[in-house]
Amino acid sequence: MASDDEYHRRTLITRLELRSAEDEQLLLNTIDEWRDSCNIGSDLAWETCHTKSDVRNHAKETIKQQTGLGDQHATLACHEVAGAIKSCIERRKQDKKASQPQFTSRSMTFDRRTLTVFPDQEKITLTTLGDHSRVHADLALPENPDGYQYDYLTDDEWAYTESTLHYRNGEWFIHLGYRTPRDDADESTTQHGAVLGVDFGVNQIAVTSTAQFFDAGELNHYRRECKRVRGELQETGTQSAHRTIDQLSGREQRYVKHILHSVANGIVEEALDHDCAGIILEDLSDIRDNLPFAQWHSEWAFRKLKDFVEYKAEYEGLFVDTLDPRNTSKRCNECGFVHDENRHSEAFECRRCGKQNHADYNAAKNVAELYLLRGHQPPRGRSVSQYALKSGSRTPT
Ligand SMILES: [Zn+2]
């Protein structure tokens, strides 16, 4: 991953002490279901899937149906499978043999959503089967207070990222991953960093430069329905009608937030799948002028979506930056020609080179390309020179 270059990474290894035989059994069941899940994922995804999102799309629902794993564990199992498949592909590129990954060991991946560290209490909690049941486990740290483990556990400079749990010879071990930003991020190692361009819109909530479309159809339909029902209730004008309107508005807002969360997740996952260092969004300060006929979105929804993307991106170690949206929708991404009449609603056709494309997809690529062409660079000494496409990446000149 490109962002690896930006961090020092260390692993804190320690034995775990569980608090009861029940907890022990629950964790054993979880780690066995995890192993089954990875094998299910491998069966479904082998020979067809190349990326994390491919594997998720192919295998996650089946894993959830056939095992006791909750949503986040199922996601992580898919990512584990994707990683294993990726290394097989790498081996094959070097003309080495690589057969379908089989998962046999009792080890399992956790992230910040499924494992929480409590440094003061020297313990962790782990999500087990289902999404909500957690076991507490004490870190069996060395007596010696100079043990290296304390450096990471108690130092705010080091942030916990993800870890693996191992069960060997009747004992539990945890490998906790920590990272801290490098001050000396060397330009030569990061100059090939790539960004993902994202366009926000009306019919598509978002489109990425890698051709991932987040359709707004369902959301637009839902909001039109809510508006219609509210209108009818307003006409009756009774007190109970007003109460119902309030409830409806609360429900609508929760639904919209839920959709925006999943779009934000999708954008961040797309960036991770394509090894991007960051995500470029349009600057929203002129959003009202740019999208006067918008239906699904209010300014509120766009800002929420941007907040969600920023939050999730930071969690994954990606940067988010914005671009003045001038010309992003009128410019041909193929030849760079800018003209008002290039764009006709959802269709884009260049008046100079004749290139046709989906207008929002063309715009998403422009967001990334213009970010680089206008000489922007991300904060904190990173450096980017390319943007991610559906396959591969492009260096604008
Ligand atoms: Zn053109």
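How many disulfides does the count come to? In this predicted model, the count comes to zero disulfides. A disulfide requires a pair of cysteine sulfur atoms within 2.5 Å. Cys38 illustrates the outcome: its closest cysteine sulfur, in Cys78, lies 8.5 Å away, which is too far for a bond.

**Zinc site**

Four cysteines coordinate the zinc ion through their SG atoms, namely Cys332, Cys335, Cys350 and Cys353, at 2.2 to 2.4 Å. The angles subtended by the four donor atoms around the zinc ion run from 106 to 115°, and the arrangement is therefore tetrahedral. Along the sequence, the spacing of the donor residues follows the pattern C-x2-C-x14-C-x2-C. Within this pattern, Cys335 and Cys350 link distant parts of the chain, being 15 residues apart. Cys335 belongs to the loop between β12 (319-323) and β13 (343-344), whereas Cys350 belongs to the loop between β14 (347-349) and β15 (356-358).

**Accessibility of selected cysteines**

The table lists relative accessible areas for Cys38 and for two of the zinc donors.

| Residue | Relative accessible area | Class |
|---|---|---|
| Cys335 | 27% | partly exposed |
| Cys350 | 4% | buried |
| Cys38 | 0% | buried |

Of the zinc donors Cys335 and Cys350, is the latter buried or exposed? Cys350 is buried, because its relative accessible area is 4%, under the 20% limit for that class. Cys335, at 27%, counts as partly exposed. Cys38, whose sulfur is 8.5 Å from that of Cys78, is buried at 0%.

Notes
Residues are numbered from 1 along each chain as its sequence is written. This is a predicted model: local features need pLDDT of at least 70, side-chain atom pairs count only at pLDDT 80 or more; totals for chains, interfaces and linings use all residues. Side-chain values use heavy atoms; hydrogens and water are left out. Donors are N, O and S atoms within 2.8 Å of the metal (3.2 Å for Na, K and Ca); water is not among the atoms, so sites may look incomplete. Four donors count as tetrahedral if all angles lie between 85 and 135 degrees; four count as square planar and six as octahedral if opposite donors are over 155 degrees apart and all others between 65 and 115; anything else is irregular. Helices (H or I, at least four residues) and strands (E, at least two) are DSSP runs, numbered from the N terminus. Buried means under 20% relative accessible area, exposed over 50%, partly exposed in between (1.4 Å probe, protein chains only).
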